[in-house]
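Trainee: Could you take me through one part of this model in detail, with attention to how its charged side chains pair and what surrounds them? I would like one connected account rather than a list.

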Amino acid sequence: MPDKTEALRALELIRESGFFHDADWTMAHEIAQAHEGEPVFDAIHAMLHRLEGDTSNAAYWDRRAGTNFGRHGPDAELKKLEEMVRGI
């Protein structure tokens, strides 16, 4: 079962980063990588790469996660990811 606490921490770090590539982004990325193969973390991984402008890598992680939340901007994507985590 995915670690809900870790997922929520990664999402909080993304929020704290202001959607920019900084130390909080890096820590969120490390959390996502540590849980590779768990759909919620793969979806978080997709968002992180979308935020850095790496859309092809984001698409790869979206395919792995079975998600596509990035169409309506980072605020909407973060909200969808929070809903996904709450459903764990």
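What follows is a close look at the salt bridges around R50, and then at the other features that can be set beside them.

Mentor: Please keep in mind throughout that this is a predicted model, and that every distance and accessibility below is computed from it. Side chains of opposite charge can pair when their charged atoms come close. A search of the whole structure finds 6 salt bridges, and R50 is a good place to begin, with D62 as one partner and E77 as another.

In the pairing of R50 with D62, the closest N and O atoms are 3.1 Å apart. Since R50 belongs to helix 3 (residues 39–51) and D62 to helix 4 (residues 55–65), this salt bridge ties together parts that are 12 residues apart in sequence. The two side chains fall into separate accessibility classes: R50 has a relative accessibility of 21% and is therefore counted as partly exposed, whereas D62, at 7%, is counted as buried. The value for R50 should be read with the cut-off in mind, because buried means under 20% relative accessible area.

The side chain of R50 also meets that of E77 in a salt bridge, with 2.7 Å from N to O. Here R50 in helix 3 is joined to E77 in helix 5, so the pair ties together parts that are 27 residues apart in sequence. E77 is buried as well, with a relative accessibility of 3%.

Elsewhere, salt bridges that share partners join E12, R15 and E82 into one network. Within this network, the side chains of R15 and E12 meet at 3.1 Å, N to O, and both residues lie in helix 1 (residues 4–16), where they are 3 residues apart, or about one turn of the helix. Neither is buried: R15 is partly exposed at 37% relative accessibility, and E12 is partly exposed at 30%.

Charge also gathers without such pairing, for K4, K79, K80 and R86 form a patch of positive charge on the surface. Helix 5 (residues 74–86) supplies the largest share of this patch, 3 residues, and K79 is found in that helix. Helix 5 thus holds E77, a buried partner of R50, and also contributes to the positive patch.

Two further details complete the picture. A pair of aromatic rings is described by the distance of the centres and the angle of the planes. The count here comes to 1 aromatic pair, in which the rings of Y60 and W61 have their centres 5.0 Å apart and their planes at 80°, so the pair is edge-to-face. Y60 is partly exposed, with a relative accessible area of 34%, while W61 is buried at 6%.

The other detail concerns the backbone. Most residues other than glycine have a negative phi. F19, however, has a positive phi, near 70°, and it lies in the loop between helix 1 and helix 2 (23–34). F19 has a relative accessible area of 19% and is counted as buried, because the class covers values under 20%.

Technical notes:
Residues are numbered from 1 along each chain as its sequence is written. Side-chain values use heavy atoms; hydrogens and water are left out. Patches are made of residues with over 30% relative accessible area and no salt bridge: like charges are joined within 9 Å, nonpolar side chains (Val, Leu, Ile, Met, Phe, Trp, Tyr) within 5 Å. Accessible areas come from the Shrake-Rupley method with a 1.4 Å probe; for residues, only the protein chains shown count as cover. A salt bridge is a side-chain nitrogen of Lys or Arg within 4 Å of a carboxyl oxygen of Asp or Glu. Lys and Arg count as positive and Asp and Glu as negative; His and the chain ends are not counted. The place of a charge is taken as NZ of Lys, CZ of Arg, CG of Asp or CD of Glu. Helices (H or I, at least four residues) and strands (E, at least two) are DSSP runs, numbered from the N terminus. Buried means under 20% relative accessible area, exposed over 50%, partly exposed in between (1.4 Å probe, protein chains only). Rings of Phe, Tyr and Trp (its six-membered ring) pair if their centres lie within 6.5 Å; planes under 30 degrees apart count as stacked, over 60 as edge-to-face and the rest as tilted.
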